[in-house]
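Work through the exercises below with the coordinates open. Each task is followed by a solution in steps.

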Amino acid sequence: MGTSSRPIVLDGGAGPRAHAYPDVRPDEDLLAGLNPQQREAVTYRGQALLIVAGAGSGKTSVLTRRIASLLRNREAWPSQILAITFTNKAAGEMRERVEQLVGDTARGMWISTFHSACVRILRREAEQFGFTKAFTIYDSGDSRALIKRLVKEHEADAYGLTPAATQGKISKLKNELADAESYARSANMSDPAERVFVELFAAYQRELQRANAFDFDDLIAQTVFLFRAFPQVADVYRRRFRHVLVDEYQDTNHAQYSLIHELTRPIGSDAAPLAGAGGMMIFEPDPADDPDKAGASLTVVGDSDQSIYAFRGADIRNISEFERDFPGAKVVLLEQNYRSTQNILSAANAVISHNFDRKDKRLWTDVGEGERIIGFTGYSQHDEAQFVADEIEVLRKAGVDYSQMAVFYRTNSQSRALEEIFIRSAVPYKIMGGTKFYERAEIKDALAYLVAVANPADEMAMRRIINRPRRGIGDVTIETIARYAVDQQITFRDALANSSALGVGPKIQAAIAHLDAVLAEASALMLPPSGELAPPTAVAEGLQLLLSKSGYYDALRASKDAQDEARIENLDELVAVAREFARNNPEGTILDFLTEVALVSDADDLEDASGSVSLMTLHTAKGLEYDAVFVTGVEEDLIPHRISANEPGGPQEERRLFYVGITRARKRLYLSLAMTRAQFGEVTVAMPSRFLQEIPNELLHWRQSPGDVNSRGGTQSRALNARRQSGSGFGGSGSGGSGSRYGDDLVPLPRRAPGGSIDRFANKIPAKVRDNGDLELGPGDRIRHDDFGEGKVDAVTGEGAKRVAHVRFDTAGPKKLLIKIAPIEKL
DNA sequence: CCCCTGCTAATTTTT
DNA sequence: TTAGCAGGGG
């Protein structure tokens, strides 16, 4: 492909308008339904384009149409396009939507995350700088394990260098493209802690190199180093990618920014300066001088108001200073929102406008005001959760599908209370991005087995599996093997083959020999020596082989720990993933499989529209949208989170996070909080978030305001409020208690109607969820419920642990209960 | 070497 | 509250 014919460039980048062919543009249909700004974003041609895309402004649509337009107009071959997203999910979506527009042509494009794009490049070029293409990718857990070992070896704990702190610092430095050496130059080396840190950093990097491994940050940073050290390599990619598009640009860190810069540089531009002390070289020749050497065109899309990853190195300046970085860049502003009602947008605008130092941008819509935002204050997080659950049921009855509702929270730990209530209320839910499948110990073990086969240099993987399942090999033996390997100048893996030379007991020696044999057998299956291709099923079969013959499966089966049953299921799931992978990638090798697995995240859970409510953190929510959104825990110290107070720019980032949450909602938005919140056993008093005050009163309707909960009792809400008389305490909100200041100025809105739900909500959740086992219930049975009293079973639906009883209570009315855990007994 | 117990410490966000 | 770890007994 791509023989002699260069793509025909229509409009030569001469201007934003395609005025030459107003009626016959081959991409005319792509522009249908776009507003003028969106059109401009699709059709503008030039070196650099920044699309400032507010929440819900149709940026994905614009980006995909822009790509389609380039292809349709024959301005680019698919292979010349590099589109970079932040998540695999976003990449998948983009590819799908481009395919819809241009069909199979989309195949040759690189649409991927930063990380997978870099892996592709690194696999190809690894040999250039001391790695092999079989390198392993260390996720943060792997690198933590390694750092932990090094911290111990260096006794760095004494200097306050905990594994976590060390890892964080190294990561930060790598995102700034620093290495141990360059850091040492700028650090205060008279501080012993700094010296130890530098030593740790260097040792860590040595270990990675020795293991033929890159950590997450290295994938980006090392690619940049590669491009800088080998300009002719960089030029290969510069020549190839003529159009670079980056999504979520506000989330890029310095390393990613540099990578984009390297890729879009004029071809051949940095070969000389790097080589020589000459100093007379022209660094960046004006692309206009020589069209063949011009850098790729760059399109970035982003919204600085949605930058929520500064904590891990995202630099908002990358986007706010784009025009300075790329002189002559065109900026298109997308402000029309196609997602939310005006009330929701007004609230979002009001909140975000409190951030100073931002370019003004106001989202608007033409769909109308919509419902008011609903606020609710619970006495406890359980009370709050009950409100959410009840409201979800109301919406459900009104015809809103569960899959169109979402509940957000700031910290993962908040999901617990919600889950408890949801289970008891039989609200189907799904936690997005909780404990991740690929971080489970058994999955990591299984993958370590695969790594041990694919990359024998990876000692970390070997250390992980050598005593899993238990083989009687402990620290002493491991160190014996490691020392032997060093002495013989062979890898840890190869040392296993000489088990008889290790000088260990016969039992242990046999165990080592067995493991060695299993690994060798799997290796023969998955990596045929003669160079022929392994069959597509090799990975799945090899994995099975490893798990069976190593005794891993047997050990789990023999265990009486109930959790181990689930572990077997997880492993079966992993084998299924491997099969699926083989189906999708007939040519896929064990390396490809490991790469994919290392780079997927929970965010890639396709949102399984199987009718459940989605629960997730505010961070996870970015990029998603739902008809109804509940933002919970809108309290001081939660959002804004307490830790953010000390970080520069922290409170502003928290506000953006809240803004992101608000703007996920299409039609209905709920903001809820609790007056008390139990964290690690202790009950603490929570205060309404300052962000609530930033929402204009007329947009927010309180079902139960903080004043309702607090005006009479300050902190001891529960007991007092349980029997509150309707209408009392009105206007007297200044009366004592630490909460009064909120009662006064934060909650001027009308109180909830008298006779409301206080008794219903208060204090009804016992500390522990119980287990009724296989309690048999059928229609007609009478039961007693701890809270609801007696009632009659109307029907039983569902199966196994998810059996639900539909009960009509004598006083409390109809309820749905999960039989397994509801506090009920049969009468 | 393995397992258990009792203690401590840590609770933000994650490609 | 709980997860994870160190230290001691088997």
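**Exercise 1.** Find the distance from a polar side-chain atom of lysine 148 to a phosphate oxygen of DNA strand C, and describe the protein surface around that strand.

*Solution.* Step 1: in this predicted model, the distance between the lysine 148 side-chain atom and the phosphate oxygen is 2.8 Å. With a cut-off of 3.5 Å for N or O pairs, this is a polar contact.
Step 2: list the surroundings. DNA strand C has Lys148, Arg416, Phe680 and Gly681 around it.
Step 3: sort them by class. The surface near strand C holds 2 charged residues, 1 polar and 1 nonpolar.
Step 4: look at the DNA side. Sugar or phosphate supplies 50% of the strand C atoms within 4 Å of the protein, and bases supply the rest.

**Exercise 2.** Determine which parts of DNA strand B are approached by the side chains of histidine 115, arginine 312 and asparagine 412.

*Solution.* Step 1: take the base. Histidine 115 has a side-chain N or O atom 3.2 Å from a base oxygen of strand B.
Step 2: take the sugar or linking oxygens. One of these is 2.8 Å from an N or O atom in the arginine 312 side chain.
Step 3: take the phosphate. The side chain of asparagine 412 places an N or O atom 2.6 Å from a phosphate oxygen. Helix H20 (475-488) and helix H27 (618-621) are the elements that give two or more residues to the surface near strand B.
Step 4: widen the view. Strand B has 26 residues around it, and Phe86, Arg410, Asn412, Arg470 and Phe680 come nearest. The surface divides into 13 polar, 8 nonpolar and 5 charged residues. Of the strand B atoms within 4 Å of the protein, 54% are sugar or phosphate.

**Exercise 3.** Locate the largest nonpolar core and the helix that gives the largest share of it.

*Solution.* Step 1: the largest core has 55 residues, and Leu447, Leu450, Leu519, Leu546 and Phe593 have the most contacts inside it.
Step 2: helix H18 (residues 441-454) gives the largest share, 10 residues.
Step 3: inspect leucine 519. Residues that leucine 519 touches include Tyr449, Ala452, Val453, Met462 and Leu546.
Step 4: a separate core of 44 residues includes Leu50, Leu82, Ala117 and Leu298.

**Exercise 4.** Explain why helix H17 (residues 415-424) is largely enclosed by the rest of the structure.

*Solution.* Step 1: identify the buried residues of H17, which are Ser415, Ala417, Leu418, Glu420, Ile421, Phe422 and Arg424.
Step 2: draw the conclusion. H17 is largely enclosed because 7 of its 10 residues are buried.
Step 3: continue along the chain. Alanine 426, just after H17, has a positive phi of about 55 degrees.

Technical notes. Residues numbered from 1 in each chain as written. Chains lettered and ligands numbered in written order. Predicted model: local features only at pLDDT ≥ 70, side-chain atom pairs only at ≥ 80, totals over all residues. Heavy atoms only, no water. Near = heavy atom within 4 Å. Polar contact = N/O pair within 3.5 Å; in protein donor to acceptor, adjacent residues only side chain to side chain. Nonpolar A, V, L, I, M, F, W, Y, C, P; charged D, E, K, R; others polar. Helix = DSSP H or I, 4+ residues; strand = E, 2+ residues; numbered from the N terminus. Core = buried A, V, L, I, M, F, W, Y, C linked by side-chain atoms within 4.5 Å. Buried < 20%, exposed > 50% of the residue type's maximum accessible area, 1.4 Å probe, protein only. Contact = heavy atoms within 4.5 Å. Lists of a residue's contacts leave out its neighbours within four places in sequence.
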